[in-house]
Structure formats: structure tokens, C-alpha cells
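Okay, thanks everyone for squeezing in. I'd like to walk you through one model today, starting with the pocket and then moving on to some single residues. Have a look at it first.

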Amino acid sequence: MPTLVEIVSYDPDWVSQFSMAKAALEGLLGDRVVAVDHVGSTAVPGLAAKPVIDIDITLSSSTDIPSATTDLVNQGYENRGNRYDDGVWAFLLKTTSPQFR
């Protein structure tokens, strides 16, 4: 059975919600972080989207992945793994709208 997807009108609060998530992630992961970027449809001003804030985190080294993973899981993120064996790990944080992942 297909998964239903909710699309909502653009919400200008997505920008500030990302900023708060970015600050929290930078605080949690510290000097292991090179960049935290808002990606996906909620990052496009004016675009209707799924109410999910997608975030890419670039770490300084692949050796930081295990400790960063532990820290994220300890903060309630669900480790979804390196699903495509491409060096990209996915995490999901289920919250009330919006979701940060």
C-alpha cells in the first residue's frame, strides 16, 4: 500500500525552525561539524512541501560518524542507516510539526 504524503502551503516559519535545529545540532556535535544545511522542499521559499525539515550535516571526517551517531541517537534521533551504501547516513527525529531529520 502506498504511503500517504501531506503537502502543505509554504510556511515562512520553516526558516526559523531550521535555524533553531541547526544551532542545536551544532551544539550537540561540536567541532565535528563542517556544515549544517537546510535542504529539500521546505528550503525553497514559497514552495508547497511536506512539513518535514530536511537537514544535511557534513562532518569533518568519516571517523566522526560513530560518535555523532551515538550523540544523535541519545537525543532521540532514529538511526535509519546508510541505506544506499553511499556514505550518507539518515536519521529521523519524530516531533510535532515540523520534523527535523
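So, what volume does the largest pocket have? About 700 Å³. Before I go on, keep in mind that this is a predicted model.

Let's stay with that pocket for a minute. There are 29 residues lining it, and the ones closest to its centre are I55, V88, W89, A90 and F91. Which element gives the most to the lining of the largest pocket? That's β2, with six residues. β2 has company, though: α1, α2, β3, which is 78-81, and β4, which is 90-92, also supply at least two lining residues each. If you sort the lining by character, you get 17 nonpolar residues, six polar ones and six charged ones.

Now for the core. In soluble globular proteins, nonpolar side chains tend to be buried together. In this model, the largest nonpolar core has 15 residues, and L25, V36, I55, L72 and Y77 are the ones with the most contacts inside it. The elements that put in two or more residues are α1 (13-29), β1 (33-39), β2 (52-59) and α2 (65-74). The biggest giver there is α1, with five residues. You'll have spotted I55 twice by now: I55 is among the residues closest to the pocket centre, and I55 is also among those with the most contacts inside the core.

I55 comes up again when you look at V39. V39 sits in strand β1, and the C-alpha atoms of V39 and I55 are separated by 5.6 Å, with those positions 16 residues apart along the chain as the spacing. Setting aside neighbours within four places in sequence, V39 is in contact with D54, I55 and D56. V39 comes out at 26% relative accessible area, so we call it partly exposed.

Next, the loop between α1 and β1. Two residues to show you here, R32 and G30. Is R32 buried or exposed? R32 counts as buried, because its relative accessibility is 13% and the cut-off for buried is under 20%. What does the R32 side chain have beside it? One of its polar atoms lies 2.9 Å from the backbone oxygen of L29. And once you leave out sequence neighbours within four places, R32 is in contact with T58, L59, S60, D64, S67, A68 and D71.

G30, in that loop too, is at 34% relative accessibility, so G30 counts as partly exposed. From G30 to L59 it's 9.9 Å, C-alpha to C-alpha, and those two are 29 residues apart in sequence. L59 is also on the R32 contact list.

Over to helix α2, where you'll find T69. T69 has a relative accessible area of 14%, so T69 is buried. Beyond neighbours within four places in sequence, T69 is in contact with N79 and F91. F91 is one of the residues closest to the centre of the largest pocket, if you remember.

A few more loop residues and then I'm done. In the loop between β1 and β2 there's A48. Which residues does A48 touch, not counting those up to four places away in sequence? I7, V8, S9 and Y10. Taking V8 from that list, its C-alpha is 5.5 Å from the one in A48, although the two are 40 residues apart along the chain. A48 is at 40% relative accessibility, so put A48 down as partly exposed.

Then there's D85, in the loop between β3 and β4. D85 is worth a click: its phi is positive, about 50°, although D85 is not a glycine. With a relative accessible area of 69%, D85 is exposed, because the cut-off for exposed is over 50%.

Last one: T95, in the loop between β4 and β5, which is 99-100. T95 has a relative accessible area of 35%, so T95 is partly exposed. The C-alpha atoms of T95 and V52 are 9.9 Å apart, and the two residues are 43 apart along the chain.

That's my tour. Shall we pull it up on the screen and talk?

Definitions and conventions. Residues are numbered from 1 along each chain as its sequence is written. This is a predicted model: local features need pLDDT of at least 70, side-chain atom pairs count only at pLDDT 80 or more; totals for chains, interfaces and linings use all residues. Side-chain values use heavy atoms; hydrogens and water are left out. A nonpolar core is a set of buried Ala, Val, Leu, Ile, Met, Phe, Trp, Tyr and Cys residues joined through side-chain atoms within 4.5 Å. Buried means under 20% relative accessible area, exposed over 50%, partly exposed in between (1.4 Å probe, protein chains only). Helices (H or I, at least four residues) and strands (E, at least two) are DSSP runs, numbered from the N terminus. On a 1 Å grid over the protein atoms alone, a cavity is a set of points where a 1.4 Å probe fits but cannot get out, and a pocket is an open set with protein on both sides within 12 Å along at least five of seven lines; lining residues have an atom within 4 Å of a point. Grid points are joined across faces, edges and corners, and a volume is the space filled by probe spheres set on the points. Ala, Val, Leu, Ile, Met, Phe, Trp, Tyr, Cys and Pro count as nonpolar, Asp, Glu, Lys and Arg as charged, and the others, Gly among them, as polar. A polar contact is a pair of N or O atoms within 3.5 Å; within protein, one must be able to donate a hydrogen and the other to accept it, and residues adjacent in sequence count only if both atoms are side-chain atoms. Contact means heavy atoms within 4.5 Å.
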